[in-house]
Structures are given as structure tokens and as C-alpha cells.
Amino acid sequence: MTLFIAEIEIAMDADLIWLITKNRSSFLLKRNGIQLSAERNNLTNLNSFKYSGIANKKAIGVTGARGGKGIVISTKKNKVSERKPADKIHTVTLRRGVRRAAKSFTNSFTRAYYRPDLRKETLARISAIYESQKPIKQHAAKEGRRHTKGRSQPEEVSQQA
């Protein structure tokens with residue numbers, strides 16, 4: 001019976017935090033009629049309870065790694081004291097590519113039932129960050145009869161014999 005009461009207190013605590021911060025957060029951005037949030041561990045940057053990194057006891061954040069190679073997945077730990085907020089964040093750096101990062105995330109978080117409702121958004125964020133880290137391809141200028149329009153034609157040198 002006491003376990004059930006503790007679960008209700010946790011749920012009410014998250015709801016109370018959300019009611020306080022939903023309209024008065026320092027991370028709140030209002031643009032073009034949409035409320036966005038710049039808080040840590042908010043996957044879609046929308047100001048909603050589902051994606052809030054502050055109000056939820058379990059939250060997932062995906063950011064790009066320093067140096068522009070790889071991603072950093074951060075999660076909240078539940079069994080750490082509220083007096084040590086820096087210890088509540090667990091970070092993992094993945095640098096081996098988008099497929100391995102997606103597989104690693106799927107194996108470690110969603111199969112362990114750590115916010116399975118955020119699986120689709122997290123995988124989308126992982127692939128978007130990896131796509132932004134790809135170098136821009138520089139294509140060589142095409143040559144040939146069809147691709148010389150607009151360029152100056154080399155003058156033909158006639159050889160006199």
C-alpha cells in the first residue's frame with residue numbers, strides 16, 4: 001500500500017512542476033503563435049508535458065557531440081538525491097554512425113522501458129543530427145558538349161604546315 005502512495009506523490013509532483021513551469025519558464029520561446037522550449041532533454045523543443053525535461057522524472061535528450069562527430073544521449077536518473085542535480089544526468093557519447101547509434105539507443109533504452117513513447121522522436125533526432133554532420137559534397141564541374149553552354153570556348157589553334 002505504501003508503494004502505491006509513493007507513486008501517486010511522484011505523479012503529483014511532476015504535475016505540480018508542470019503547472020508551475022508551463023507558462024513561466026525561462027526556457028519558454030513564443031514564435032509565430034507556437035510555444036517552444038529551449039530546455040535540456042526536450043526532444044522536439046515543444047512546450048508540452050510529454051517532452052518536458054524539467055517536469056518529467058524520466059527524460060531523454062539528444063545533442064551533437066563536440067567536434068561535430070557523433071551524438072550525446074542524456075537521460076535522467078531516478079535514484080539520485082534531489083540535492084545533487086548534476087548527478088541526475090547520465091550521458092553517453094556515440095560516434096560510430098547513425099545505424100549503430102540507433103541500434104544502441106533501441107537496445108539500451110526502449111527495451112528497458114525507459115520512455116518507450118519517445119522512441120520515434122529520439123530516432124528522428126539522432127538521424128537529423130547525423131545528417132547535419134555530414135560534409136557537403138563538392139561536385140566537379142561537368143565537361144562535354146552539353147555542359148559548355150555559357151562558358152568561353154577554347155580557341156582552336158590552326159597548325160600551318
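## Exercises on a predicted model

In helix 3 of this predicted model, the buried residues are Glu121, Thr122, Ile126, Ile129 and Tyr130.

**Exercise 1.** Work out where those residues sit around the axis of helix 3, and find what covers them.

*Solution.* Start with the arc: the buried residues cover only 165 degrees around the axis, so they sit on the same side of helix 3. Now look at the other side, where Lys120 and Ser132 are exposed. Last, check the cover: it includes strand 3 (60–64), strand 4, strand 5 and helix 2.

**Exercise 2.** Check the span of helix 3 (residues 119–132) using 1.5 Å a residue.

*Solution.* Count 14 residues in the helix. The expected span takes 1.5 Å times one less than that number, so you should get 20 Å. Then compare the end C-alpha atoms: they are 20 Å apart, which agrees.

**Exercise 3.** Describe the ring pair of Phe105 and Phe109.

*Solution.* First, place the two residues: both are in helix 2 (residues 98–110), four residues apart, or about one turn of the helix. Each of the two is buried. Next, take the geometry: the ring centres are 5.4 Å apart and the planes meet at 35 degrees, so we call the pair tilted. Finally, zoom out: ring pairs join Phe105, Phe109 and Tyr114 into a cluster, and the structure has three aromatic pairs.

**Exercise 4.** Is Glu82 buried or exposed?

*Solution.* Find Glu82 in the loop between strand 4 (71–76) and strand 5 (89–94). Its relative accessible area is 55%, and exposed means over 50%, so Glu82 is exposed. Leaving out residues up to four places away in sequence, Glu82 touches Lys57 and Lys88.

Note on methods:
Residues numbered from 1 in each chain as written. Predicted model: local features only at pLDDT ≥ 70, side-chain atom pairs only at ≥ 80, totals over all residues. Heavy atoms only, no water. Phe/Tyr/Trp six-rings, centres within 6.5 Å; stacked < 30°, edge-to-face > 60°. Buried < 20%, exposed > 50% of the residue type's maximum accessible area, 1.4 Å probe, protein only. Contact = heavy atoms within 4.5 Å. Arc of directions from axis to C-beta.
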